[in-house]
Amino acid sequence: MTIIRPYGDTTGDGMVQLSFTLPVPHDKRAEGAALQLAAKMGMDPAMLVHAKQMGDGFTFFVVYGKVGHLVDTEKVQVVERDFPLLSAKEVNAVIKRGLRRRLNVVGACIGTDAHTVGIDAILNLKGIAGEKGLESYREVAVTNMGAQVSVPDLVETARAQKADAVLVSQVVTQRDAHLQNTRAMSAAFREALPEGRRPLLIVGGPRFDELMAGELGVDRIFGRGTTPREVASYLVHALVGSSH
């Protein structure tokens, strides 16, 4: 068993830094409210290190303080990568040998989400952090629908393109919009296509919990920092299998 404690200045001192916004104008009372909240969250003592008015009637705070909580690292739940990480050359070879046709991918940002940075990082030729996107893979055919795509349009395009996989990026998360949109998407695909003909449903975004795939009705969730190579490796693992 490995028990750990946060630390700021010296090992095991339990110090953490926390930021939040309160719906009050910035004054002495607001700062007191921030410290009261920090105390209720178990920070003792708590120090206010930053306070700044954010528009009309809102203040952003940063507090620093000591917590007594411990973490048992053996009880941490994560989704481990259960597939080999392949190079672009290996991905292309597996698709060519296993599918004997190009692998069809349709990508989009659904609902009101206008943030294409996530889906573009995975799909676009230039990719992200020096790693080229799926458009650079010779054996992958990519249809990038862009932003603010309705779920019916996504289903229709996936059907028309005979998509093997549908990749959806969700950055806007106010009021859990990313969860509602994902559930609506998975329900629409279940309704529109029989089980054997449904594409792989994959969602990604910084606020998703990777453990929620089953609950949201999708095959895989990718969190922040995911690379095109990881997505490509997962696609061939799930669609072609390791036996090819």
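Trainee: Which backbone oxygen does the side chain of T226 reach?

Mentor: Start with the general idea: a polar contact is a pair of N or O atoms within 3.5 Å; within protein, one must be able to donate a hydrogen and the other to accept it, and residues adjacent in sequence count only if both atoms are side-chain atoms. Here, the T226 side chain gets to the backbone oxygen of G223, at 2.7 Å. Keep in mind that this is a predicted model, where local features need pLDDT of at least 70 and side-chain atom pairs count only at pLDDT 80 or more, while totals for chains, interfaces and linings use all residues. Residues are numbered from 1 along each chain as its sequence is written, and side-chain values use heavy atoms, leaving out hydrogens and water.

Trainee: Is T226 buried or exposed?

Mentor: Buried means under 20% relative accessible area, exposed over 50%, and partly exposed in between (1.4 Å probe, protein chains only). T226 has 15% relative accessibility, so T226 counts as buried.

Trainee: And what does T226 touch?

Mentor: Contact means heavy atoms within 4.5 Å. Leaving aside residues up to four places away in sequence, T226 touches I122 and V231. You'll find T226 in the loop between β10 and α7 (228–239).

Trainee: How are labels like β10 and α7 given?

Mentor: They're DSSP runs, numbered from the N terminus: helices are H or I with at least four residues, strands are E with at least two. Two strands pair if DSSP finds at least two bridges between them. In this model, five strands make an open sheet with parallel pairing, ordered β7-β6-β8-β9-β10. β7 (140–144) and β10 (220–222) are at the edges with a single partner strand each, so one side of each has no neighbour in the sheet.

Trainee: Which residue stands opposite V166?

Mentor: That's L201 in β9. Strands β8 (residues 165–169) and β9 (residues 200–204) pair in the parallel sense over five bridges.

Trainee: What angle does helix α5 make with β9?

Mentor: Axes are lines fitted to C-alpha atoms, for helices over the stretch in contact, and angles run from 0 to 180 degrees between N-to-C directions. Helix α5 (residues 177–192) packs on the sheet, touching β8 and β9, and its direction makes about 170° with that of β9.

Trainee: What is the strand order in the sheet of three strands?

Mentor: That open sheet runs β2-β4-β3, with antiparallel pairing. Its edge strands, β2 (15–22) and β3 (46–53), each pair on one side only. β2 and β4 (residues 59–66) pair over eight bridges, and M15 stands opposite K66 in β4.
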